[in-house]
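Here are some short exercises to work through at your own pace. Keep the viewer open and try each task before reading its solution.

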Amino acid sequence: MKWWQKTAAFELYPKSFLDTTGSGTGDLKGIIRKLDYLASLGIGIVWITPVFRSPMVDNGYDVADYYSIDPSYGTMEDMDELFAEAKKRNIRIVLDLVYNHTSEQNAWFIESRRDRTNPKADWYIWRDAKEDGSAPTNWRGIFGGSAWTWCEERKQYYLHTFAEQQPDLNWANPEVRQELYRIANFWIDKGAGGFRVDAISYVRKPDVFKDGEPDGEDGMVSVHDMTANTPGILEYLYEFRQNVSEGKDIFTVSEANGVKANELKYWVGEHGAFDMLFEFSHVNLEFKGVETWCKPDPWKLADLKKALRDSQEATKDNGWYPIFFENHDKPRSISHYFPEDADKNAAAKVIGTVLYTLRGTPFLYQGQELGYDNFKWDSIDCYNDISSYGQYEFALQEGLSEEEAMACVHRFSRDNSRTPMQWDDSPNAGFTSGTPWLPVHEGYRTENAEAEEKDPSSVLNWYRALASLRAEETVLTDGSFTELFEDDPYLYAFRRKNGDAELITIVNFSGNTVKYGLAEESDCDVLLSSFPHETGVMKPYESCVIKKR
Ligand code: NOJ
């Protein structure tokens, strides 16, 4: 087994982690200060979302210069110190490579947009207008509005899968690809332990650009449906592997929306392009295809169980999944998977227990270990997230009232997971001595690291217990997965087994007391349970892990 299969990862959103200067935004020194906290959670990988120089239209996912640190986060010396301090604690820092697009303020784009003959003219995706002057195709960007923006200087449109300030790079140009590999190697030489590769399934564009069947009242179709996972993409990805990761002691995980289970073997595993891949079916249960917040489908536990079963099945013989239920683009898992009146402490433990005992590497997202939930701000103007604005506008266009559109934002906004870390109960939760860039969640008075540290039944201490369990019970890493009680509408349960070693996880996603029959339970010891466990009975929102004697 590889080191990255045995450890656990922590996704860190630096802007909201810890501010050491009073600027109101987190910084690299703040991460260094909390490395011991991360080590106490048994974390071996810290994935930091982008910290490169950026105008922050999309909080760093719009990179202006890949070779420098954004001044709001600190300096290159801080980054060097972070690599060194993390190494002392056996933690690898994994950087986020945003390679589908750059910022419009990147020097490459500034040059590219100047005219059609400059040295960078072909570094982005430029196309002429249709005869009537309109955009080359009817594709809608993922953050809403057309995926094309007119550039007066070149008298052409450029493509942007995301915001207009995020022009897509032209991967068909080998010079672009070589430069991207050079950047990755620059960071490996500096000490990066690996990479999370952003939005990689969009880098190969179709040979012919054409209009798609409209999927909304705006007459447009999501760019995702027209460009994600286009045939030929693997050639680029294998080239990436050869030039970036092959033969090096680093770890790679790609964000690859749109890759199907039967294609997985080409993407990950011994001959794949990456070590792991983020797949979203279990966190996108309410969306059949594109994530359109105003058109969610109802979902049931059976859907979540199926999505998890499919991914466990897909990696059974080849490849390895990162297990996750939260990230910086998703609502908090307590609010996502449980009703508002659920016992939050117990619900957080249900998610944690599944996260740490499924087959794969657990990826914990900051604040999840403290049991944060969503919040509701009254007006769209209170939000910072660029996609919340796009989704809100789209909902209004589709005929929803303002109140209905806000309800979608409350449910799905990416800001739900971006509020500052809650370190203690002092003003602004100890995150900053200044004004936080995003308000602190009001739950901070009780849900904060300092208070949870002292409370044996806290979510934080549950996560620590899970980390120890996973370190002690190797079957959680190397054991097979078999689901139990598949048809039960309330319980999720599975067995992990390797030779004589056998562990069973049972969690109750419902507020009901649920009885079950498991003959072998009489031959088991309870290793962990969130309530005193009674054989054959699961209390509301209970979690437990039992071990065969
Ligand atoms: C996926 C990232 O996770 C998200 O935060 C970002 O907005 C888009 N890619 C664009 O880079």
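The exercises below concern a predicted model.

**Exercise 1.** Work out the strand order of the open eight-stranded sheet, and find its edge strands.

*Solution.* Start with the order, which runs β13-β12-β10-β5-β2-β1-β15-β14, with parallel pairing. Next, look for strands that pair on one side only: these are β13 (276–278) and β14 (322–323).

**Exercise 2.** How many bridges join β1 and β15, and which residue of β15 stands opposite Ala 9?

*Solution.* Take β1 at residues 8–12 and β15 at residues 361–365; three bridges link them in the parallel sense. Then step to Ala 9, whose partner across in β15 is Phe 363. While you are at the sheet, find helix α4 (residues 76–88), which packs on it and touches β2 (43–48) and β5 (92–98). The direction of α4 makes about 135 degrees with that of β5.

**Exercise 3.** Describe the surroundings of the ligand by residue class, then list polar contacts to its oxygen atoms.

*Solution.* First sort the shell: it holds three nonpolar, two polar and seven charged residues. Among the surrounding residues are Asp 58, Tyr 61, Phe 143, Glu 255 and Arg 414. Now check distances to ligand oxygen atoms. A polar side-chain atom of His 101 sits 3.0 Å from one, an N or O atom in the Arg 196 side chain is 3.1 Å from one, and for a polar side-chain atom of Asp 198 the distance is 2.8 Å. Finally, consider burial: the ligand alone exposes 300 Å², and the protein buries 97% of that.

Note on methods:
Residues are numbered from 1 along each chain as its sequence is written. This is a predicted model: local features need pLDDT of at least 70, side-chain atom pairs count only at pLDDT 80 or more; totals for chains, interfaces and linings use all residues. Side-chain values use heavy atoms; hydrogens and water are left out. Two strands pair if DSSP finds at least two bridges between them. Helices (H or I, at least four residues) and strands (E, at least two) are DSSP runs, numbered from the N terminus. Contact means heavy atoms within 4.5 Å. Axes are lines fitted to C-alpha atoms, for helices over the stretch in contact, and angles run from 0 to 180 degrees between N-to-C directions. A residue is near a molecule or strand if one of its heavy atoms lies within 4 Å of it. A polar contact is a pair of N or O atoms within 3.5 Å; within protein, one must be able to donate a hydrogen and the other to accept it, and residues adjacent in sequence count only if both atoms are side-chain atoms. Accessible areas come from the Shrake-Rupley method with a 1.4 Å probe; for residues, only the protein chains shown count as cover. Ala, Val, Leu, Ile, Met, Phe, Trp, Tyr, Cys and Pro count as nonpolar, Asp, Glu, Lys and Arg as charged, and the others, Gly among them, as polar.
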